[in-house]
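Thanks for making the time this morning. I would like to walk you through one structure, so please have a look at it before I go on.

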Amino acid sequence: MIARAARLQAPRGAIAVDGVELREPSPGEVLVRMEACGICHSDLFVAAQERLAVTPLTLGHEGIGRIESLGPGVTGWTAGDRVGMTFLATTCGTCELCRSGRERFCAKQTNFGFSLHGALTEYAIAPAAGLVRVPTNVEAAALAPMCCAGWTAFGAVREAGLQAGQTVALFGGLGHLALAVARSKGLRVAVADVSEAKLEMARAAGAEITAAGESAGRILQKEHGGVDAAIVLTGSAAAIPQAFKALKRLGTLVLVGVSLSQYELPLVDTVVKGLQIRGSYLGPKEDLESVFALASAGSLQPHVECHEIGKTPELLEQMKRGEILGRAVIRF
Ligand SMILES: [Zn+2]
Ligand SMILES: [Zn+2]
C-alpha cells in the first residue's frame with residue numbers, strides 16, 4: 001500500500017508530498033491511520049538542521065489517529081484505539097530525569113518528525129511506547145494542536161510561576177492557546193505581536209492589554225507598569241529584548257520558541273532587578289493529560305484552519321512569513 005507523506009528530502013532540503021510504500025509494523029510498533037496532523041514552527045526548525053538521523057524524513061509531531069494494526073509483542077493497545085503522536089516519542093525510562101517525571105529532558109529521547117518519521121502522512125508507523133491516549137469526544141483537527149502547541153503553552157504558563165491576578169505577557173507564536181491557559185488560571189494577559197490581525201484576535205479572546213511588536217517592551221513597562229512574567233513563544237529572536245524590557249523587578253522571562261540565533265543578555269538589569277530566565281520545553285506527562293482534559297471539556301479550543309496534505313509545503317512557506325493565524329492542520 002502507498003501512503004502520501006510530507007517529507008523533508010534532505011537536511012535543509014525541499015519539502016515534498018509524495019507516495020511512500022508502507023511496510024508492516026515491526027515488533028513493538030503499530031500502524032496508525034492518521035486523522036489529522038498540525039503543522040508547527042518546529043517543523044521549520046527541523047527542516048533547518050544541518051544533520052538529521054533519517055532522510056527523507058516524514059515531518060509532523062501533532063498527530064491524531066486510530067490504530068489500524070499492531071506489530072508483534074505490542075500490549076496495552078488494540079486496533080481502533082485513538083492515539084496521539086507528540087514531539088516526544090520514546091525515552092530511556094531509566095535515567096534520573098525519566099524516573100523523576102522530567103523525561104522530556106532525557107538525553108536518549110526519540111522525537112516524531114525529527115529522529116523518527118512523523119505524523120504528516122496518511123498512515124504512520126510508530127513505536128507503541130511513543131503513543132499517548134487522547135480523548136475521543138473531540139474532532140481530530142481540534143485535538144491535533146494539543147500534542148505540541150497546547151502542551152507547550154500549558155507548560156510555559158506553569159513555568160512562569162504566577163498567581164491569579166498577576167500579569168503575564170505573551171509574545172507571538174502559540175499566543176492564542178497560552179492566552180486560554182493563562183485566563184483559565186486567573187492571570188491578566190498582555191499580548192504582543194507584530195501582526196495587528198493577531199492582536200485583534202487576542203483582544204477578542206480576552207487579552208486585557210495588547211501591544212505592537214517593535215515597541216511592546218516600552219509600552220508594557222511605561223504605560224502598564226511592567227509584567228510579572230513574559231513568555232516568548234515565537235522563534236523570532238527580535239521578541240526577546242522586548243519581552244525582557246517589559247519585565248517588572250523579580251520578573252520571569254520564559255523562553256519557548258527556538259531558533260538558531262543568539263541573544264545578548266543585559267547583565268545589569270538581570271542582576272539588580274533579580275530577574276529569572278528559564279527555558280520551557282513541552283511539560284511533564286501530567287500537563288499533557290491536563291491539556292487533553294481541557295480540550296475534552298471544551299475549554300481549550302485552538303483556532304484551526306484545515307487543509308489537505310498536498311498544501312503542506314505552501315503552508316510551511318506561509319508560516320515562515322508569519323501569515324498563518326492560529327494553527328494550520330492537515331486533515332486526512
Ligand atoms: Zn511543535
Ligand atoms: Zn531517560
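Let me begin with helix 11, residues 312–320, which lies across strand 1 and strand 2 and runs at about 150 degrees to strand 2. I should say early that what you see is a predicted model.

The two strands under discussion belong to an open sheet of 3 strands, in the order 2-1-4 and with antiparallel pairing. Strand 2, residues 15–21, and strand 4, residues 57–58, are at the edges with a single partner strand each, so each has one side left without a neighbour in the sheet. Strand 1, residues 2–8, is joined to strand 2 by 7 bridges, and within that pairing Ala-3 has Val-20 as its bridge partner.

Turning to the interior, the largest nonpolar core has 102 residues, and those touching the most other members are Val-168, Ala-169, Ala-178, Ala-230 and Ile-231. Because both domain 1 (2–147 + 283–331) and domain 2 (150–279) give residues to this core, it lies between them. If we set aside neighbours within four places in sequence, the contacts of Ala-178 include Ala-153, Leu-170 and Ile-231.

Finally, which residues of helix 6, residues 196–204, are buried? They are Lys-198, Leu-199, Met-201 and Ala-202, and, seen down the helix axis, the buried residues fall within an arc of 160 degrees, so they line one face of helix 6. Their cover includes helix 5, strand 10 and strand 11, whereas Glu-196, Ala-197 and Ala-204, on the other side of helix 6, are exposed. Just after helix 6, Gly-206 takes a positive phi of about 105 degrees.

Definitions and conventions. Residues are numbered from 1 along each chain as its sequence is written. Chains are lettered from A and ligands numbered from 1 in the order in which they are written. This is a predicted model: local features need pLDDT of at least 70, side-chain atom pairs count only at pLDDT 80 or more; totals for chains, interfaces and linings use all residues. Two strands pair if DSSP finds at least two bridges between them. Helices (H or I, at least four residues) and strands (E, at least two) are DSSP runs, numbered from the N terminus. Two residues are in contact if their C-beta atoms, placed from the backbone, lie within 7 Å. Axes are lines fitted to C-alpha atoms, for helices over the stretch in contact, and angles run from 0 to 180 degrees between N-to-C directions. A nonpolar core is a set of buried Ala, Val, Leu, Ile, Met, Phe, Trp, Tyr and Cys residues joined through C-beta atoms within 7 Å. A residue is buried if 20 or more other C-beta atoms lie within 10 Å of its own, exposed if 12 or fewer, and partly exposed in between; C-beta atoms are placed from the backbone. Domain bounds come from an automatic or database domain assignment. The arc is that of the directions from the helix axis to the C-beta atoms.
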